[in-house]
Amino acid sequence: MPPKTNTTLQHFLGLFLPLALLVSGVSFAYWLQDGKARLDVIQNREMARVTRETKIMEISLTARAADAALLAMRVGAELEHGDDPQKNIEELLLSFAAIKRGFLVVRFLDTSGMEKARVDIGSDGPSCVPRNLLQDKSGRPAFRPALSLPFGQVHVSEMGLIVEQGRIAEPLTPALHYASPVRGPDGDKAGLIVLSMDGNVPLDRLRQAEDASIGRPLLVNHDGYWLLGPTTEQEWGFLLPGRPKPTVRDTWPGAWDRIRGQGRGQFLLNGALYTFDTVDPGATSGLRSEITMVPTERFLLVSRVGAGQLRPPQSLTFLAMTTALLTLLALFSWIWALARSRRDRALDDLRRSEETARAILDAPQDAAFFLMELDGRILTANAVAEERFRPVTPGGLTGRSMWDIVPQDLAARRRDLFEFAARTGEPMRFDDERMGMILDNTIYPIRGEDGVTHRLAVLSRDVTAERQAQERLLTLSRAVEQSPAMVVITDAKGDIEYVNPSFTEKYGYSAEEVLGQNPRILKSGRHDAAFYQALWRTLAEGQDWVGEICNRTKDGRDIWEKASISPVLDETGQTTHYVAVKEDVTEQRRALRALAESEEKVRAMSEASQDGMVMIDDQGRVAFWNRAAERIFGHSRQEMLGQKLHSVVAMEEDAGKAREGFPDFSRTGAGAVVGVLTERTARRKDGSTFPAEFSVAAFRLQDRWWAVGTVRDITERKRAEELLLELATTDGLTGLTNRRHFLERGRAELERARRTGHPVSCIMFDVDHFKKVNDTYGHDAGDAVLKTLARTARETLRGMDVLGRIGGEEFAAILPETDLEAALHAAERLRLAVASMNVEHDGRPLPVTVSLGVALSSGPDESLDDLLRRADQALYRAKQGGRNRVVGE
């Protein structure tokens, strides 16, 4: 029955529906992938931001604790050695409040809780509260716990609101109180230093951080009450009478229990993303670990991104493009369906007329068929013949002579065979090789009623693949016979039908001894029944079994084999044979066991090292990572194995240099860091960086270069070096450069001026009648004058100017790229700034003036000593001229 012709609609639907489904599926997959990618980006960004803000807040809180401990120690020293402790403590608190930012109140309480000194910090700066206004703070909840702490420890209160005279101060001012015991002259506790930190300092940072993120950074206490909430009406409700007391549980149902239970993490709830971390005021965060903090509570930093913000925005352009594409596909599919229907109808008519005629000729699919006259003229040929001879007769075979389409030398020989077949009436069979094919040819004489041959039929089969398969089978048989691998073939019951010579050589059995036997004669007894049951179960399921098995030879030796056993299936899917290919791996297992023992010894030694030990291949991939490296970098061994080392732990600049150097290293084993001790900045898993010392060596293994190195965290050593440098270059009283460092920097500026040709000037100045200040008010007043003068000079002069204290009350400044006129203007600004300084002692202002001498470098041959001498001469003339003036040299 001829096939039914599809209608135009069927053709249209057959093409358009799959294409439409494909386009819709791709569009939907793109939308889903876009949403997942957006969620991943938001999750990573929110987690990194919350972690960063938590660490910053912990560092800020820890720094305040260090201030409290240091100030307590300084107050203790004043109590023990000061002439007027009360006065000195008030001045000390005032100086501390002027230097340190972010505090509201600085108090010193005695052991009864009474304020002995108090400094309030307002918008106009710090001010000392009169003694008659000091208050009793013994009723504060944190007083007794703080007083009970050992010296050097700091008590951190809950974050609350400032309370004065028993009432919450207006406007609402959040505060966090740090309290540290003060040692008295007798060694007992003399009271407490209490620092009230402005709670708006960390809260304002979180408010500012909100602008750069999708989620809002919010802060709650350990009971879930809002300190920085979604709205200002929700904040501090637990402290304010008459105001609602909303919690995280009230605002975000279901989220609080997970946040409080985990402390740090991230989860999705009701379509919203919650990211949170615990702020622990007691965490040192790498700062001053000798300070012990005793926090009353911990805080939770929480960020919430709503469900609407997690979904990718709808793209009208994307929807329009998808709709337009579907419309074009529909139009194309309809045009194609119309053309296909017309072609189907035409082919239908033609097919019916040809099917009968070609059925007989085209029946053999692997053979060319010719019907020819005795003289060789071809009457008809099937499709296989037409295709085979198409390169020679592109116009077709019908009507052509057989002797014209075959080579002439072959035509003469084959003509004799054809004539013999016609004459005898017997079929003739012969082979030909032509056009890369092996042809099996048979001539069939066609006789008439008179018994005489009138025509010849020729059947020519292409047996190239068949002969090649026979050749491959022969080659395979030889390969199996000569293979060093052992080959065993059994029937479906498991009885051995074939073994190759390698098998007989390895086991000591002859082929005759094992043929017909079951392979169980080879069992060593090392495997239990379950092992063999699993093996046969795998084979019964039609799958290959691959593994190692221990068998026993004829002379009783046990050998380990790596075996692959495969079932052989017939056309119906039934197993007819099993083929096992086996390789003796006894010596290999012994070598691997020895190698594993050696590696275990090396690993044990590396794990005992306190330095990180890392090995990488010639592509920079980590091959070894000891426990010390896990501790130093924060990455586990499982995380780092196979990773590109420099992409994970190196800074971008160093990683780029490493990538450029690896081609040379992979060829020669040489590199910029190989064989030398170097220092680099490294990156930990949490993103923090630290200075590290590296030692790298190269070795060659298995025709590849490898590098093994040790790494040491030298953070503490670097801090010690920086502290020594600061002590060696800074004046302890004023914080300016000391005389030695000033002279070094001054000579450097003169040398730079010589190279560039720019002018350089020098200002020398000292305090007028400074000795009178010391004699009249004491050295404390003199120190206050010098420190205030140093601060004023630093604020008045430029950042590029070199400013230092070179004597008792004598200061100097080197002004690069400054001529004499500009230097005189700078000196005059400094003189006016000093004259307007506010320096008080015992509540009385101390007028301070300075005299200044200015000199311009005379040229490249002048030394710094000569320049300072000329500036000093100008200073002397300023003093001789009445002081409080500027004189140029």
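Helices and strands are here runs assigned by DSSP, a helix having at least four residues and a strand at least two, and they are numbered from the N terminus. With these elements, the internal spaces of this predicted model can be assigned to parts of the chain.

Two cavities of 30 Å³ or more were found. The largest cavity has a volume of about 190 Å³. Its lining comprises 16 residues, of which M402, V406, F430, D432 and N441 are the closest to the centre. At least two lining residues come from each of the helices α10 (402-405) and α11 (408-424) and from each of the strands β18 (428-434), β19 (437-447) and β20 (453-462). In chemical class, ten residues of this lining are nonpolar, two are polar and four are charged.

The second largest cavity has a volume of about 40 Å³. The residues that line this cavity are E749, R752, A753, T756, H758, P759, V760, P816 and E817. Helix α22 contributes the largest share of this lining, with four residues. Four residues of the lining are nonpolar, two are polar and three are charged.

Helix α22 (residues 739-756) also lies across three strands, namely β31, β32 and β33 (810-816), and runs at about 25° to β33. These strands belong to an open sheet of five strands with mixed pairing, arranged in the order β32-β33-β31-β36-β37. Strands β32 (802-805) and β37 (886-888) form the edges of the sheet, each pairing on one side only. From one strand to the next, the twist averages 15°. In general, the strands of a sheet pair through backbone hydrogen bonds, in either a parallel or an antiparallel manner. Within this sheet, β31 (residues 760-767) and β36 (residues 850-856) are antiparallel and are joined by seven bridges. In one of the pairings, S761 has L856 of β36 as its bridge partner.

The largest pocket contains about 2,100 Å³ of space. It is lined by 49 residues, and those closest to its centre are E91, L94, S95, F96 and K787. Two or more lining residues are given by each of α1 (8-81), α2 (85-99), β3 (125-128), α24 (779-796) and β34 (840-841). The largest share, eleven residues, is supplied by α24. By class, the lining of the pocket consists of 15 nonpolar, 14 polar and 20 charged residues.

Notes. Residues numbered from 1 in each chain as written. Predicted model: local features only at pLDDT ≥ 70, side-chain atom pairs only at ≥ 80, totals over all residues. Heavy atoms only, no water. Pairing = 2+ DSSP bridges. Axes fitted to C-alpha atoms, helices over the stretch in contact; angles between N-to-C directions. Contact = heavy atoms within 4.5 Å. 1 Å grid on protein atoms, 1.4 Å probe; cavity = no way out; pocket = protein on both sides within 12 Å on 5 of 7 lines; lining within 4 Å. Points joined across faces, edges and corners; volume = space filled by probe spheres on them. Nonpolar A, V, L, I, M, F, W, Y, C, P; charged D, E, K, R; others polar.
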